[in-house]
Amino acid sequence: MEHKIDQLANRISPHYTHFDVQNRLLFTGHSHQAWPDIALEGLKESFSSAANEVDNKWDAAFKKTELLRGYLRNFYDDPDGLYCRGENTHQLLVSWLSSFDLGEKPKIITTNGEFHSMFRQLHRLREEDLEVITVDANPDTIVKEVRNEIDDRVSAIMLSHVYFESGIINPHLGTIAELARTNNIPFLIDDYHGTNVVPLSIRDENLEDCYLLIGGYKYLQWGEGNCFLRFPKNCELRPVITGWFASFSSLDEPRNDQPVEYDDGNQRFASGTFDPASQFRAAKVVEFFREQELSPTVLRRQYLAQVKLLRKLFLEQQFDPEVIKLRHERSLEQNGGFLALQSPFARTIRAKLMENKVFTDARGDVLRLGPAPYITTDQINQAIEKLADVVYNLNP
Ligand SMILES: Cc1ncc(COP(=O)(O)O)c(C=O)c1O
């Protein structure tokens with residue numbers, strides 16, 4: 001009988017001919033996924049829209065962004081959430097952070113598991129006297145450590161739902177949100193590795209007053225330029241880093257010395273003019289996911305099954321743990337959409353896998369293998385076989 005993984009993968013993979021997913025071993029799904037063929041129609045549509053409608057194209061472009069918002073509200077079970085689009089999560093996080101009086105409250109609580117966008121920016125701000133408190137990302141201790149650091153000098157808590165390096169899920173978002181709420185501290189969750197992989201109901205988890213960073217380049221298959229900051233509907237933050245797209249309604253008013261205004265709605269953290277082609281492209285992907293019924297539950301099931309198989313086949317190889325081992329041994333339910341391996345030779349292994357036409361990635365001593373819903377069991381088998389070839393032929 002056809003494996004459950006293949007039932008879905010074989011159904012959708014024929015729709016990715018441009019990326020040729022059936023004939024390549026694309027195991028960088030945690031970094032960037034293939035786009036379905038229909039995405040090309042979105043790009044063509046964006047060109048036609050610009051050509052036909054000239055500067056009026058923005059109405060069509062904003063409608064596409066609205067479709068993306070609708071998708072996210074559905075994924076997050078979040079009918080009331082607002083979603084500001086940005087080119088990347090860094091732009092959105094900078095605008096968000098600029099809302100706070102960091103002179104008055106210079107303390108930020110974060111973890112040692114954050115992606116470069118947040119890490120680098122906070123690290124640089126530390127040189128400007130921001131007090132960046134880095135707690136251990138370990139789910140067993142994180143709540144206690146965050147609680148211990150909270151005082152009236154904290155401006156924000158900023159941490160991930162799924163850690164980019166290990167794949168470990170932080171299961172305590174609700175508890176940390178409660179701590180933040182009680183102490184009147186804004187809480188920003190980086191969910192780049194959670195969206196479309198690990199279902200999260202904002203209503204059930206009681207996260208309505210939280211902020212989420214969401215990116216389109218990985219599991220959403222939306223490509224570049226489709227990141228979002230989710231924020232609560234009653235948000236009154238006034239970002240200092242603010243672009244004119246944050247207040248179209250005041251553009252025609254005479255300029256005055258009154259405080260800068262922000263429109264109600266989704267645009268509070270917006271910047272300025274951007275290339276809307278990526279929204280046209282992504283809107284087609286949303287259509288495709290709907291047609292193929294790739295619901296949060298279906299996606300989660302597929303990633304779990306694929307990572308389970310990757311892990312099983314990896315363990316069957318019985319590699320020398322001094323050479324390569326699992327990055328963590330927690331249960332799969334506590335893991336996101338990729339398999340993280342640890343090896344002092346991670347970069348060499350990645351390079352050799354690439355020579356063998358297997359796409360993976362390595363950061364420091366971590367090698368990551370990320371499937372995608374269109375990856376079959378046969379491709380998973382091939383990837384691990386090639387990994388074994390490379391590992392057994394290493395000449396350290
Ligand atoms: C957890 C996480 N956050 C953010 C990003 C991307 O940040 P940016 O949109 O600023 O490039 C990534 C990966 O590329 C990530 O893994």
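Start with the distance between two centres: those of domain 1 and domain 2, taken over C-alpha atoms, are 27 Å apart. Where the two domains touch, 29 residues come from domain 1 and 26 residues from domain 2. Keep in mind as you look around that this is a predicted model.

**How the chain is divided**
- Domain 1 is made of two stretches, 4–34 and 295–391.
- Domain 2 also has two stretches, 40–253 and 262–288.

**The area between the domains**
- Together, domain 1 and domain 2 bury about 2200 Å² between them.
- Carbon and sulfur atoms account for 56% of that buried area.
- On the domain 1 side, P296, R330 and R363 are good residues to find in the view, as they supply 23% of the area this domain buries against domain 2, more than any other three residues.

**Bridges and polar contacts**
- Two salt bridges are found across the interface of domain 1 and domain 2.
- If you would like to look at a salt bridge up close, try the side chains of D140 and R330, which meet at 3.1 Å, N to O.
- Nine residue pairs are in polar contact across the interface, with both residues at pLDDT 80 or more.

**What the domain 1 side is built from**
- Helix α9 (296–316) and strand β13 (366–369) each supply at least two residues of the side of domain 1 that touches domain 2.
- Of the elements on this side, α9 gives the most, with four residues.
- Sorted by class, the side of domain 1 that touches domain 2 has eleven nonpolar, twelve polar and six charged residues.

Technical notes. Residues numbered from 1 in each chain as written. Predicted model: local features only at pLDDT ≥ 70, side-chain atom pairs only at ≥ 80, totals over all residues. Heavy atoms only, no water. Domains from an automatic or database assignment. Contact = heavy atoms within 4.5 Å. Buried area = accessible area lost by both parts, 1.4 Å probe. Salt bridge = Lys/Arg side-chain N within 4 Å of Asp/Glu carboxyl O. Polar contact = N/O pair within 3.5 Å; in protein donor to acceptor, adjacent residues only side chain to side chain. Nonpolar A, V, L, I, M, F, W, Y, C, P; charged D, E, K, R; others polar.
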